[in-house]
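Subject: A structure for you to explore

Hi there,

Here is the structure I promised to pass on to you. Please open it and have a look around before you read my notes.

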Amino acid sequence: MTAAPTGGGTLLTRRGPLRAPEATRSNALPAGAWWLWALGLATAASRTTNPLLLGLLVGVAGYVVAVRRTDAPWARSYGTFVRIGLFVIGVRLVFSAFLGSPIPGTHVLFTLPEVPLPDWAQGIRLGGRVSVEQLVFALYDGAKLAALLICVGAANSLANPARLLKSLPGALYEAGVAVVVAMTFAPNMVADVLRLRTARRLRGRPTGGIKAVLQIGLPVLEGALERSVALAASMDARGYGRTARVPRAVRHTTNVLTLGGLLGVCAGTYGLLAAEGAVYGLPLVAVGLVAAMAGLRLGGARSVRTRYRPDRWGARAWLVAGSGVVVAVSMIWAGAVDGEALHPGVVPLVAPVLPLWPAAAVLIGLAPAVVAPAPPVVGGPRSKELR
């Protein structure tokens with residue numbers, strides 16, 4: 001027995017596979033699930049300098065964005081983050097060449113004119129010999145930072161900033177306006193860039209080059225900021241952030257739990273991202289999350305704002321978020337077991353090797369491409385619902 005496809009996306013059969021349904025306002029994934037998935041990939045990228053693994057992480061993020069992003073304005077920001085990542089790699093290489101590097105190298109590519117510096121600037125070098133080893137080290141280091149930025153760009157392209165703001169706990173209403181401006185500025189800026197470039201192209205004006213960038217740069221920044229501030233003002237006009245009277249002891253307890261929990265999460269996250277902090281990082285993150293959630297629970301009692309259609313975390317949302325967590329934990333474990341495979345050496349210079357089981361763990365990050373609801377047809381009626 002086979003059920004006919006409905007809505008152009010869902011196909012449920014008793015004998016065949018279960019395909020992801022078409023995304024609507026009711027079943028779209030919560031923005032937090034996309035951010036947890038992307039942060040898991042970013043954590044994995046921070047644990048390695050192997051360019052093969054970093055390229056695999058970027059490929060996983062790019063593929064999920066390609067098959068699951070909508071036609072909303074913020075969904076077009078992924079390409080911008082990729083270009084920023086490439087720019088970061090270029091800057092890292094230039095700085096390594098002109099400012100030197102502590103990495104010793106025997107394979108000299110070229111020699112730049114060296115600028116003599118005073119005695120108090122010892123350890124700093126301008127110009128001099130540029131070796132292959134120091135450039136490769138700079139390339140690995142820049143690629144890691146670029147992969148982090150690209151993973152964050154994937155979250156910006158897939159997560160609806162309005163839905164993310166709607167999930168903000170009531171205790172954090174003071175930060176709501178700042179969150180609105182911060183989370184909507186980058187998507188609005190990307191949308192304004194595309195709109196102004198299209199307008200210039202229709203008028204027969206150039207869209208590339210330094211002159212064109214200077215002409216559209218200020219209008220883009222001004223327009224994106226104005227739209228973000230207008231959204232924050234509309235929230236304030238609708239009474240966002242009204243508070244109720246609660247006892248002073250509850251307020252103090254809320255502040256202590258929330259602040260202490262957030263500090264614990266920050267310290268634990270730093271430990272996870274650092275080279276030798278996974279031992280105390282996970283316990284600190286766990287304790288900080290429990291304390292912060294308790295504080296947010298208490299703090300929510302003083303907020304009387306209503307929540308319209310709260311996002312529900314179903315099985316698909318947990319699978320998406322869990323896939324990112326699995327990738328991060330697997331990479332942390334791989335670094336503790338076989339750190340040399342995740343950090344190829346540059347002195348002596350050796351070719352990087354793709355470790356098999358960490359690469360297989362990274363491929364788990366492709367789960368959203370299968371389980372997440374598929375985006376509706378571009379230009380269709382349902383695509384406008386998700387904007």
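Below is what I found in it, going from the whole chain to a few helices and then to single residues.

**The whole protein**

Please keep in mind that this is a predicted model. The protein has 387 residues, and 40% of them count as buried. Its secondary structure comes to 14 helices and 2 strands. When we take the contacts in the protein with a separation of 6 or more, 77% are between residues 24 or more positions apart. As for the outside, the accessible surface is about 21700 Å², and carbon and sulfur atoms hold 68% of that.

**Helix H1 and its partners**

A good place to start is helix H1, which covers residues 31-46. How does H1 lie relative to H10, roughly parallel or roughly antiparallel? The axes of H1 and helix H10 (residues 315-337) cross at roughly 10 degrees and come within 8 Å. Angles under 35 degrees count as roughly parallel, so H1 is roughly parallel to H10. The crossing of H1 past H10 is left-handed. On the H1 side, the residues in this contact include Trp34, Trp37 and Leu41, while the H10 side includes Val320, Val327 and Met331. Sorted by class, the contact of H1 with H10 has 13 nonpolar and 4 polar residues, with no charged ones.

Now turn to helix H4, residues 132-158, whose axis comes within 9 Å of the axis of H1. Here the two axes cross at roughly 175 degrees. Since angles over 145 degrees count as roughly antiparallel, H1 is roughly antiparallel to H4. Among the H1 residues that meet H4 are Trp35, Ala38 and Ala45, and among those on the H4 side are Lys144, Leu148 and Cys151. The contact of H1 with H4 has 14 nonpolar, 2 polar and 1 charged residues.

Trp34, Trp37 and Leu41 are worth clicking on, as they are listed in the contact with H10 and also among the H1 residues that meet H4.

**Single residues to look up**

In helix H4 you will also find Gln134. Is Gln134 buried or exposed? Its relative accessible area is 3%, so Gln134 is buried. Beyond its neighbours within four places in sequence, Gln134 is in contact with several residues, including Ser96, Ile103, Arg125 and Arg129.

Next, follow the chain out of H1. Arg47 sits in the loop between H1 and helix H2 (51-68). With 10% relative accessibility, Arg47 counts as buried. Its C-alpha atom is 8.7 Å from that of His343, although the two residues are 296 apart along the chain.

Helix H2 holds two more residues that I marked, Leu53 and Gly59. Leu53 has a relative accessible area of 0% and is therefore buried. Outside its neighbours within four places in sequence, Leu53 has contacts that include Thr48, Met331, Leu342 and Pro355. The C-alpha atoms of Leu53 and Pro355 are separated by 8.2 Å, with their positions 302 residues apart along the chain. Met331 turns up again here, as it is one of the H10 residues in the contact with H1.

Gly59 is partly exposed, at 40% relative accessibility. Which residue is 304 residues from Gly59 along the chain, with its C-alpha atom at 9.6 Å? That is Leu363.

Enjoy exploring!

Key. Residues are numbered from 1 along each chain as its sequence is written. This is a predicted model: local features need pLDDT of at least 70, side-chain atom pairs count only at pLDDT 80 or more; totals for chains, interfaces and linings use all residues. Side-chain values use heavy atoms; hydrogens and water are left out. Helices (H or I, at least four residues) and strands (E, at least two) are DSSP runs, numbered from the N terminus. Buried means under 20% relative accessible area, exposed over 50%, partly exposed in between (1.4 Å probe, protein chains only). Contact means heavy atoms within 4.5 Å. Accessible areas come from the Shrake-Rupley method with a 1.4 Å probe; for residues, only the protein chains shown count as cover. Axes are lines fitted to C-alpha atoms, for helices over the stretch in contact, and angles run from 0 to 180 degrees between N-to-C directions. Angles under 35 degrees count as roughly parallel, over 145 as roughly antiparallel, 65 to 115 as roughly perpendicular and the rest as oblique. A crossing is left-handed if the near helix is turned anticlockwise from the far one by less than a right angle, and right-handed if clockwise. Ala, Val, Leu, Ile, Met, Phe, Trp, Tyr, Cys and Pro count as nonpolar, Asp, Glu, Lys and Arg as charged, and the others, Gly among them, as polar.
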